[in-house]
Amino acid sequence: MSDLDFEQALRSIEHINLARVAGRLVRVNGILLECVGCRLAVGQMCQVESTDSEMMDAQVVGFDRDVTYLMPFKHPSGLIAGARVFPAEKQESVMIGDRWLGRVVNGLGEPLDDKGKLGGDTLLAQLLPQVHPLTRQPVDEPLDVGVRAINGLLTIGKGQRVGLMAGSGVGKSVLLGMITRYTQADVVVVGLIGERGREVKEFIDNALQAEGLAKSVIVAAPADESPLMRIKATELCHTIASYYRDKGKDVLLLVDSLTRYAMAQREIALSLGEPPATKGYPPSAFGMIPRLCESAGNSSGSGTMTAIYTVLAEGDDQQDPIVDCARAVLDGHIVLSRHLAEAGHYPAIDIGQSISRCMSQVTTREHQRAARALKQLYAEYQSIKPLIPLGGYVAGADATADRAVNLAPAITQFLQQEVHDVALMDKTVNDLSLLAQAG
């Protein structure tokens, strides 16, 4: 061996790790793990040794002086005091491509459907995509969602972000399923976040079916998953949707629900000692919602990304802090009324409380006038309706009131729709114009 080869061999030895750095687990506080003895950066992945010699994946979520706080991706079990904590040598990269279509994954991009490994030709971004506000393509084309009340009175545009806001059991998931089946989109990305586990398979079998699943990617993190996994799954939905958007596809992103995302952040933040603000939600929860929603929408390319979020209004309170925050950052909101649902009116859309902020950009003036006229007649009838049984309404006293009462059955029929009926945009606009001119 020459002197040059000997020197190169010595230099190569310098890069060999003779010992693996490890920290020690000193405390488990609910879902929070505390580690000392190792320098870890916020957001870094690491592995915690358990009693069965398996490694539990966790992520650094904060620190306090020499103590590092970790959050596991799965519920902690089999941990003991002094267990070793190893920093991840290299975070595994996730590759994405068209092979993801038709698959069901978890928040880490791992398959849940037993259809083999995922793969692709593009590295999936680890962080939420950011779009420069001056490069966003405008929302200037309507999106046909197949629901008559939305197409006619709350028209959505391609690239718009909308919230479905209602209390529990009012029909959010059913309406989301109708939109999934009837919307004409190249790719559908569905995030089932923090909901019942049985709804995952039901959504695939009933809402998507085989034809819809072929062009969809499902990201599931049911209610029994850790809060960190629920946050990861929600953000993964947006990175997947942005990938297909940037390829020039028309993408529909559905997230059920945005409230569970905020609740997951609340669990993490309160565990870290962040003070609660409104209704127990810490300030970081209200900061994460705009950051998440701003990653959706159109970008500078030719593709579009329409996002629809369900938002749970606890106790049917439309002033719930998460509902109010979502209403402020989204491009429109569709409110579902429990009163209408109890009366058998489906979908239970309250057109008086709902609005689409992009409707004027994607519809004609004739369509807008017809929608405004129908809303006025519906509001007039709702104000008169309690007086009719009491004899407080007298026909002929007010022409507008008479017209509202006469057209009320036809308006109600227009707003109702069976789950398996499709209401295409062109026919809906035509029926709306005829109804607005009737009476």
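**Strand pairings and a helix contact**

Reader: Which residue in β6 does Gly23 stand opposite?
Author: Keep in mind that this is a predicted model. Strand β1 covers residues 23–29 and strand β6 covers residues 84–87, and the two run antiparallel, joined by two bridges. Across from Gly23, the residue in β6 is Val85.

Reader: In what order do the six strands close into a barrel?
Author: The pairing in this barrel is antiparallel. Ignoring direction, neighbouring strands are turned by 45° against each other on average. Going round the closed barrel, the order is β1-β2-β5-β4-β3-β6.

Reader: OK, on to the open sheet of eight strands. Which strands stand at the edges?
Author: The open sheet has mixed pairing and runs in the order β8-β14-β13-β15-β16-β12-β17-β18. An edge strand has a single partner, so one side of it is left without a neighbour in the sheet. That applies to residues 103–105 and 355–356, which are β8 and β18.

Reader: In β18, which residue is the bridge partner of His333?
Author: Strand β17 spans residues 332–335, and it pairs with β18 in the antiparallel sense over two bridges. For His333, the bridge partner in β18 is Ile355.

Reader: And in β17, which residue is the bridge partner of Gly163?
Author: Here β12 and β17 pair in the parallel sense, over three bridges. Gly163 sits in strand β12, which covers residues 161–166. Its bridge partner in β17 is His333.

Reader: Are the residues that point either way from β12 buried or exposed?
Author: The side chains split into two groups: Arg161, Gly163 and Met165 point one way, while Val162, Leu164 and Ala166 point the other. Being buried takes under 20% relative accessible area. Six of the six residues of β12 pass, so the strand is largely enclosed by the rest of the structure. On both sides, then, the residues are buried.

Reader: How many bridges join β12 to β16?
Author: These two strands run parallel. One pairing to look for is Arg161, whose bridge partner in β16 is Ala307. The number of bridges joining β12 to β16 is six.

Reader: How many residues of strand β15 are buried?
Author: In the sheet order, β15 stands between β13 and β16. Strand β13 (residues 187–193) runs parallel to β15, with Val188 bridged to Leu252. On the other side, β16 (residues 304–312) also pairs with β15 in the parallel sense, and Leu254 has Ile308 as its bridge partner. β15 (residues 250–256) is mostly covered, and its buried count, out of seven residues, is six.

Reader: What percentage of residues 158–340 is helix?
Author: UniProt, in an unreviewed entry, places the feature "domain: AAA+ ATPase" on that stretch. Its end C-alpha atoms lie 28 Å apart, and strand makes up 21% of the span. The helix share is 46%.

Reader: Last one: are α11 and α12 roughly parallel or roughly perpendicular to each other?
Author: Helix α11 (residues 365–384) packs on α12 (residues 399–415) with the axes 8 Å apart and an angle of about 110°. Among the residues that meet are Leu374, Leu377 and Tyr378 in α11, and Ala404, Leu407 and Ile411 in α12. By class, the contact has 13 nonpolar, one polar and two charged residues. The range 65 to 115 degrees is the one that counts here, and the two helices are therefore roughly perpendicular.

Definitions and conventions. Residues numbered from 1 in each chain as written. Predicted model: local features only at pLDDT ≥ 70, side-chain atom pairs only at ≥ 80, totals over all residues. Heavy atoms only, no water. Axes fitted to C-alpha atoms, helices over the stretch in contact; angles between N-to-C directions. Helix = DSSP H or I, 4+ residues; strand = E, 2+ residues; numbered from the N terminus. Parallel < 35°, antiparallel > 145°, perpendicular 65-115°, else oblique. Contact = heavy atoms within 4.5 Å. Nonpolar A, V, L, I, M, F, W, Y, C, P; charged D, E, K, R; others polar. Pairing = 2+ DSSP bridges. Buried < 20%, exposed > 50% of the residue type's maximum accessible area, 1.4 Å probe, protein only. UniProt positions renumbered as here; feature names shortened; annotations may be inferred.
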